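The following note was prepared for a student who is beginning to read protein structures. Please keep the structure in view while going through the points.

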Amino acid sequence: MQREEKQLELSLEALISQVADLKNSLVSFIYKLENEYDRLTWPSVLDSFALLSGQMNTLTKVLKHEKTPLMRNQVIIPLVLSPDRDEEIMRQTEGRVPVFSHEVVPDHLRTKPDPEVEDQEKQLITDATRISSDVAQKQIQSLNKMCSNLLEKISKEERDSESGGLRQNKQTFNPADTNALVAAVAFGKGLSNRRPPGSGGSVQTGQPSANAIIAGASSIQQVQMSGASSQQQPMLAGVQMSQTGQPGKIPSGIKTNIKSASMHPYQR
């Protein structure tokens with residue numbers, strides 16, 4: 001008898017410890033929801049739920065342990081009921097139960113659900129027994145089919161969202177080319193200083209362009225006056241029309257033999 005009482009006492013201490021941890025976790029989570037809702041993140045909420053779930057599983061394991069006596073076989077009888085304030089009960093319940101009177105005892109010592117809940121549970125059990133096995137099997141298959149379709153849609157949405165994220169993150173340009181283009185447009189980096197022919201300045205009306213001058217210069221051969229080789233008069237031979245050094249002018253390669261003004265073309 002003493003051993004059973006000792007075992008019951010140890011089991012109660014373990015249960016009280018597990019329930020205290022669960023209560024602290026609930027208080028912390030409720031405080032976050034009420035006071036830190038503006039900066040509360042979804043991963044933090046999931047962590048809180050995971051902690052509560054783990055503590056509930058631990059409490060269930062303690063209750064189902066082989067060394068834990070069956071609590072349903074234990075009977076709790078209130079020995080003293082008083083409408084006066086009880087400081088010891090206030091301390092143990094952290095101020096939630098100030099008195100232990102006839103009004104609060106049925107709620108705190110109840111081991112069964114409310115009568116309304118019991119009636120609803122009985123009604124559900126009665127409805128379940130009325131269904132035949134074939135109808136129940138069809139309903140089960142229908143429910144499984146709905147669950148499978150729902151899971152398939154959820155998986156498809158997840159795959160589509162992942163593929164969409166990959167398409168959005170895929171790079172569609174070359175950063176090096178973009179930087180080079182911006183540097184060329186803004187600062188002229190990498191551009192050649194040589195200008196193409198005919199783009200150096202404006203061409204005035206009536207003057208041949210540089211391309212026409214070069215074409216004419218290449219097609220004109222050296223001009224020699226007839227009979228100049230047999231005369232002994234001084235001549236200005238091989239005078240080169242050089243315009244080197246003048247900006248914006250293209251040097252001419254035309255050589256001209258100028259005949260003396262004192263000579264007559266028909267003089268013998």
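1. Helices in this note are DSSP runs of H or I with at least four residues, numbered from the N terminus. Under that definition, Lys32 lies in helix α1. The model under discussion is a predicted one.

2. General layout. The protein contains 8 helices and 2 strands. Read from the N terminus, the order of its elements is α-α-α-α-α-α-α-α-β-β, so a reader following this order meets the helices before the strands.

3. Burial and surface. Which share of the 268 residues in the protein is buried? Buried residues make up 10% of them. The protein exposes about 23,700 Å², and carbon and sulfur atoms supply 55% of that area. As for contacts in the protein with a separation of 6 or more, 46% of them are accounted for by residues 24 or more positions apart.

4. Lys32 and its surroundings. Helix α1 covers residues 2-35, and Lys32 lies within this helix. With a relative accessible area of 24%, Lys32 is partly exposed, because the partly exposed class runs between 20% and 50%. Which residues does Lys32 touch, once its neighbours within four places in sequence are left aside? Lys32 is in contact with Tyr37, Leu40, Ser44 and Ser48. In addition, the C-alpha atoms of Lys32 and Val45 are separated by 9.1 Å, and these two residues are 13 residues apart along the chain.

5. Ser48, seen from the other side. Ser48 has its place in helix α2, which spans residues 42-64. Is Ser48 buried or exposed? Its relative accessibility is 12%, so Ser48 counts as buried, the limit for that class being under 20%. Beyond its neighbours within four places in sequence, Ser48 is in contact with Phe29 and Lys32. The contact between Ser48 and Lys32 therefore joins a residue classed as buried to a residue classed as partly exposed.

6. A negative patch. Glu4, Glu5, Glu9 and Glu13 gather on the surface in a patch of negative charge. One of these residues, Glu13, is placed in helix α1. Glu13 has a relative accessible area of 45% and is therefore partly exposed. A residue needs over 30% relative accessible area to belong to a patch, and the value of 45% for Glu13 meets this requirement.

7. A nonpolar patch. Val75, Ile77, Leu79 and Val80 form a nonpolar patch on the surface. Together these four residues have about 510 Å² of accessible area. Val80 counts as exposed because its relative accessibility is 62%, and the exposed class begins over 50%.

8. Gln74. Gln74 is found in the loop between α2 and α3. At 39% relative accessibility, Gln74 counts as partly exposed. Gln74 and Leu8 are 66 residues apart along the chain, whereas their C-alpha atoms are separated by 9.8 Å.

9. Salt bridges. How many salt bridges does the count come to? The count comes to 7 salt bridges. One of the pairs is Asp38 with Arg39, whose closest N and O atoms are 3.9 Å apart. This distance falls within the 4 Å cut-off for a salt bridge. Asp38 is exposed, with a relative accessible area of 58%, and Arg39 is exposed with a relative accessible area of 58%.

10. A pair within one helix. The side chains of Glu88 and Arg91 meet in a salt bridge with an N to O distance of 2.5 Å. Both residues lie in helix α3, 3 residues apart, which is about one turn of the helix. Glu88 is partly exposed, its relative accessible area being 39%. Arg91 counts as exposed, at 55% relative accessibility.

11. A further pair and a network. Arg110 forms a salt bridge with Asp114, the closest N and O atoms being 2.9 Å apart. Arg110 counts as partly exposed at 38% relative accessibility, and Asp114 is partly exposed with a relative accessible area of 37%. Elsewhere, Lys23, Glu94 and Arg96 are joined into one network by salt bridges that share partners.

Note on methods. Residues numbered from 1 in each chain as written. Predicted model: local features only at pLDDT ≥ 70, side-chain atom pairs only at ≥ 80, totals over all residues. Heavy atoms only, no water. Patch = residues over 30% accessible without salt bridge, like charges linked within 9 Å, V, L, I, M, F, W, Y side chains within 5 Å. Areas by Shrake-Rupley, 256 points an atom, 1.4 Å probe, with all protein chains shown as cover. Lys, Arg positive; Asp, Glu negative; His and termini not counted. Charge placed at Lys NZ, Arg CZ, Asp CG, Glu CD. Buried < 20%, exposed > 50% of the residue type's maximum accessible area, 1.4 Å probe, protein only. Contact = heavy atoms within 4.5 Å.
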